[in-house]
Amino acid sequence: MRELSYRHSRGVTKIIIGRGLGLRVDGKAVYLVDANSGVELEGALRLPGGEEVKSLEVLTKVYEFLLSRGADRHTYLVAVGGGALLDLATFAAGTYMRGMRLALVPTTLLAMIDAAIGGKGAVDWGRVKNLVGVFYQPDLILADLKFVEGLPDRVYRSAFAEAVKYGVTLDGDFFQWLRQNAEGLARRDESLLEEAVYKCARIKASVVEEDEFELKGVRQVLNFGHTVGHAIERVLGLLHGEAVAVGMAVEGEAAVEAGLLGGAQLDELLALLKAFGLPTRVCLDPASLEEAKRLVERDKKRKGDVVLMPVPTGIGKWRLEEMRLEFVKRALDKLRCSA
Ligand SMILES: NC(=O)c1ccc[n+]([C@@H]2O[C@H](COP(=O)([O-])OP(=O)(O)OC[C@H]3O[C@@H](n4cnc5c(N)ncnc54)[C@H](O)[C@@H]3O)[C@@H](O)[C@H]2O)c1
Ligand SMILES: [Zn+2]
């Protein structure tokens, strides 16, 4: 078992990583459960997992559930599920009675290494991902590796997009570690997995601790691959991690063209994504391409006709660049299906 914690405006979040962990909360608790997680809990609100759950309609159901259970500000909302369900739960907990207690039990690898950590909660609106949301930190995160066993292969592998993102932008040693251990990780070797979850959690927690509200030009690094990624995730219905993998490839290529990243380093990035069985390329028909461009225009990171984008400038190095919207659209054009 490994433990770490990070500080923020609400206090401290404790992260526990291990296998067969028990959850003990101090006081009354109500439960939200992802129907695909394999967890059965009497009295819990069971929700289908996946992106569909991040809607105002489902959020309303959660508020009704909380009210019907007599939840107040001191009640724990315990959310057990994938990243989508945790994003919804974080939004609900941060807004119900202006904030109740929150414990997160991520049941996908991606949620353990990324989504559960850092306090971003949101729902989608129309086609725009995460349009309405909050920053609201959980009290506790319990990453139980037993959940990894039942994950479908695609869902499992998709998590490594976020792990590669941490390595390529922030930690060259971790990038090399992933390279050396890609095969064992793909086999779900448990001790490697525990190490990977711990290393990722530590990287993400330290970024959040430094810039909780994404105001200091630090937390933005976590958006690498996400400007393009979010657009194609919606348009093609890919898993979040898969879309981010393609997003990193496209944004990485744009960085090479802008003279910010070396071609050999881009090749290293692409090779590592492929080693985890992740896509680096998709093909968009004309209508999808137009929609992807419209979604990029609505991105939260846009400022007039530029998009504020984190760009790797080497393996383990990055900087924030103002990329012209036109430049990003031209990068997307390369994904047009050939006739
Ligand atoms: N808040 C953040 O900082 C942050 C960071 C990264 C990603 N995200 C969000 O997280 C979401 C992606 O998370 P995800 O990759 O976990 O996908 P997901 O939540 O959509 O889960 C993928 C699928 O796995 C199922 N599932 C969950 N646990 C399972 C288990 N133990 N066994 C079998 N199936 C299981 C889910 O029901 C779903 O069908 C996206 O909405 C993304 O925007 C948020
Ligand atoms: Zn992501």
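This report walks through the domains, the core, the ligand shell and some local backbone features of the structure above.

The model is predicted: local features are given at pLDDT of at least 70, side-chain atom pairs count only at pLDDT 80 or more, and totals for chains, interfaces and linings use all residues. Residues are numbered from 1 along each chain as its sequence is written, while chains are lettered from A and ligands numbered from 1 in the order in which they are written.

## Domains and core

Let's begin with the overall layout. The domain assignment splits the protein into domain 1 (2–150) and domain 2 (153–333); such bounds come from an automatic or database assignment. Their C-alpha centres are 24 Å apart. Across the boundary, 24 residues of domain 1 are in contact with 28 residues of domain 2, where contact means C-beta atoms, placed from the backbone, within 7 Å. On the side of domain 1 that touches domain 2, at least two residues each come from strand S1 (2–8), strand S2 (11–18), H3 and S8. Helices (H or I, at least four residues) and strands (E, at least two) are DSSP runs, numbered from the N terminus. That side of domain 1 has 14 nonpolar, five polar and five charged residues. Here Ala, Val, Leu, Ile, Met, Phe, Trp, Tyr, Cys and Pro count as nonpolar, Asp, Glu, Lys and Arg as charged, and the others, Gly among them, as polar.

The largest nonpolar core has 109 residues, and Leu32, Leu77 and Ala79 have the most contacts inside it. H4 gives the most to this core, with 10 residues. Because domain 1 and domain 2 both give residues to this core, it lies between them. A nonpolar core is a set of buried Ala, Val, Leu, Ile, Met, Phe, Trp, Tyr and Cys residues joined through C-beta atoms within 7 Å. A residue is buried if 20 or more other C-beta atoms (placed from the backbone) lie within 10 Å of its own, exposed if 12 or fewer, and partly exposed in between. Leaving out residues up to four places away in sequence, Leu32 touches, among others, Ala44, Leu45, Val62, Leu77 and Ala79.

## Around ligand 1

Now for the ligand. Of the 30 residues around ligand 1, Asn36, Gly49, Gly82, Gly83 and Thr108 come nearest; a residue is near if its C-beta atom, placed from the backbone, lies within 6 Å. Helix H2 (83–95), helix H3 (109–115), helix H4 (153–170) and helix H8 (240–257) are the elements that give two or more residues to this shell. Nine of the shell residues are nonpolar, 15 polar and six charged. Both domain 1 and domain 2 contribute at least three residues to the shell.

## Helix H7 and the S10-S11-S12 sheet

Helix H7 (residues 226–236) is mostly covered, with 10 of its 11 residues buried. The cover over those buried residues includes S8, H8, helix H10 (286–297), strand S11 (306–314) and helix H11 (325–333).

Three strands form an open antiparallel sheet in the order S10-S11-S12. Strand S10 (302–303) and strand S12 (317–324) are its edge strands, each pairing on one side only. Two strands pair if DSSP finds at least two bridges between them. S10 and S11 are joined over two bridges, and S11 and S12 over eight. In the S10–S11 pair, Arg302 has Val307 as its bridge partner and Lys303 has Val306. Further along, Val311 stands opposite Arg319 in S12.

## Backbone and a buried loop residue

Several residues have a positive phi:

| Residue | Place | Phi |
|---|---|---|
| Gly237 | just after H7 | about 65° |
| Gly304 | hairpin of S10 and S11 | near 65° |
| Gly316 | turn of the S11 and S12 hairpin | about 90° |

Most residues other than glycine have a negative phi. Met97 nevertheless has a positive phi of about 50°, and Asn130 has one near 55°. Met97 is found in the loop between H2 and strand S6 (101–106), whereas Asn130 lies in strand S8. Met97 counts as partly exposed because it has 14 C-beta neighbours inside 10 Å. Asn130 is also partly exposed, with 17 such neighbours.

Finally, Tyr136 sits in the loop between strand S8 (128–135) and strand S9 (140–144). Tyr136 is buried because 21 other C-beta atoms lie within 10 Å. Beyond its neighbours within four places in sequence, Tyr136 is in contact with residues including Thr90, Ala93, Leu102 and Gly121. The C-alpha atoms of Tyr136 and Gly121 are separated by 6.9 Å, although these residues are 15 apart along the chain.

Definitions and conventions: Contact = placed C-beta atoms within 7 Å.
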